[in-house]
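This report introduces a structure to a reader who has not met it before. Please look through the sequence and the model shown below before reading on.

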Amino acid sequence: MDFKIAVLPGDGIGPEISKVGVDVMTAVCEKFGHKVTYEYAICGADAIDKVGDPFPEETFQTCLRADAVLFSAVGDPKFDNNPTAKVRPEQGLLAMRKKLGLYANVRPMQTFKSLLHKSPLRPELVDGADFITIRELTGGMYFGEKYQDNDKAYDTNYYTRPEIERIIKVGYEYARRRNHHLTIVDKANVLASSRLWRQIGQELEKEYPDVKTDYMYVDNASMRMIQEPKFFDVIVTENTFGDILTDESSCISGSMGLLPSASTGDSTPVFEPVHGSWPQAKGLNIANPLAQVLSDAMLFEYFGMQKEADLIRDAVDASIDQNVRTPDIQVEGGAKYGTKEVGAWLVEYIQKA
Ligand code: IPM
Ligand code: MN
């Protein structure tokens with residue numbers, strides 16, 4: 001296949017891990033005879049500094065022209081402590097999601113055998129846990145009507161039937177390809193929006209008799225996730241609940257720096273690490289590039305290229321097993337590899353495979 005990839009390195013450690021993501025992508029394409037071209041674009045604080053907009057029109061056009069977007073991270077501390085800032089890097093991320101219609105955000109919870117000791121949970125709870133959360137990404141409180149003055153403020157958790165139907169269907173499709181178990185997470189005992197989610201879930205359930213459907217309140221789900229992570233196969237939920245639950249799921253494995261994600265919808269899909277821009281580590285060559293690299297794997301998988309994705313995952317597993325690790329996941333006394341060195345090792349592994 002001919003790939004046209006939009007590369008959005010963003011802020012903080014973004015450019016460093018982006019480089020590794022691109023190098024691995026190039027190596028895999030060479031190996032399997034795909035032609036790949038890259039077009040770079042700015043976003044986040046970098047774009048605010050350069051053109052005053054965290055997701056400029058030109059970047060949007062670059063994304064539209066591409067088959068997929070390889071995104072890294074946005075965010076800069078100079079905006080965090082200024083609640084009156086008119087533009088913020090995160091707005092770029094939200095604009096990208098909305099403009100590209102990226103309504104389905106898939107965040108896998110994956111464990112790595114040799115890193116089980118890093119989990120805050122007992123290894124027997126975590127070993128074998130493997131689930132994905134599908135987070136609705138373009139609706140709910142994030143985008144509903146907002147108001148704020150000095151005395152009152154509100155956000156509206158607005159959802160329409162088509163928005164709910166399409167995302168629950170995505171949940172069922174994933175469940176069909178996995179272990180046929182879908183958990184629809186809501187707060188239907190309190191929220192009207194959640195009651196519509198549950199009503200639509202119950203309607204759609206009949207179309208997927210091969211999938212076991214559970215309904216779970218979000219408070220209960222957050223508890224179950226750490227008590228019995230192996231219970232879950234596919235979770236589908238609304239934007240805000242998904243934001244919170246996926247941070248929780250990302251630390252179960254003990255190595256948040258390793259988790260990729262995919263956002264798909266109406267237009268060009270986006271592949272990015274779950275972690276943020278870690279500005280304190282910028283330029284230090286210590287950031288873990290594996291989440292970015294595993295995002296490449298999700299990209300290939302999206303296009304039905306399983307062999308390409310598997311090779312990337314093999315390379316990542318091998319690097320961890322052979323202790324080629326950045327400081328965040330290195331064992332005591334182990335050699336600490338830099339971002340670039342891990343990248344070079346992965347590329348060589350792929351070339352030799
Ligand atoms: C995420 C992030 C974003 C979100 C922020 C940076 C706007 O936390 O992708 O989970 O809340 O969606
Ligand atoms: Mn989040």
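Which residues surround ligand 1? In this predicted model, the ligand is surrounded by E90, L93, R97, R107, R135, Y142 and D243. By class, this shell has 2 nonpolar and 5 charged residues, and no polar residues.

The shell draws on two domains. At least three of its residues come from domain 1 (1-105 + 255-353), and at least three come from domain 2 (130-251). Among the structural elements, helix α5 (residues 89-99) gives the most to the shell, with 3 residues.

Three side chains of the shell have an N or O atom for which a distance to an oxygen atom of ligand 1 is available. The table lists them.

| Side chain | Partner | Distance |
|---|---|---|
| R97, N or O atom | oxygen atom of ligand 1 | 2.7 Å |
| Y142, polar atom | oxygen atom of ligand 1 | 2.6 Å |
| D243, N or O atom | oxygen atom of ligand 1 | 3.0 Å |

On its own, ligand 1 has 320 Å² of accessible area, and the protein covers 72% of this area.

The description now turns to the strands. How many strands does the open sheet have, and in what order? The open sheet has 10 strands, arranged in the order β2-β1-β3-β12-β11-β4-β5-β10-β8-β9, and the pairing is mixed. Its edges are formed by strands β2 (35-40) and β9 (212-217), each of which pairs on one side only. Neighbouring strands of the sheet are turned against each other by 25° on average, with direction ignored.

Within the sheet order, strand β5 is written beside strand β10. Strand β5 (residues 131-136) and strand β10 (residues 234-237) run parallel and are joined by 4 bridges.

Which residue of β10 stands opposite R135? The residue opposite R135 is T237. R135 also belongs to the residues that surround ligand 1, and the sheet and the ligand shell may therefore be viewed together at R135.

Key. Residues are numbered from 1 along each chain as its sequence is written. Chains are lettered from A and ligands numbered from 1 in the order in which they are written. This is a predicted model: local features need pLDDT of at least 70, side-chain atom pairs count only at pLDDT 80 or more; totals for chains, interfaces and linings use all residues. Side-chain values use heavy atoms; hydrogens and water are left out. A residue is near a molecule or strand if one of its heavy atoms lies within 4 Å of it. A polar contact is a pair of N or O atoms within 3.5 Å; within protein, one must be able to donate a hydrogen and the other to accept it, and residues adjacent in sequence count only if both atoms are side-chain atoms. Accessible areas come from the Shrake-Rupley method with a 1.4 Å probe; for residues, only the protein chains shown count as cover. Helices (H or I, at least four residues) and strands (E, at least two) are DSSP runs, numbered from the N terminus. Ala, Val, Leu, Ile, Met, Phe, Trp, Tyr, Cys and Pro count as nonpolar, Asp, Glu, Lys and Arg as charged, and the others, Gly among them, as polar. Domain bounds come from an automatic or database domain assignment. Two strands pair if DSSP finds at least two bridges between them. Axes are lines fitted to C-alpha atoms, for helices over the stretch in contact, and angles run from 0 to 180 degrees between N-to-C directions.
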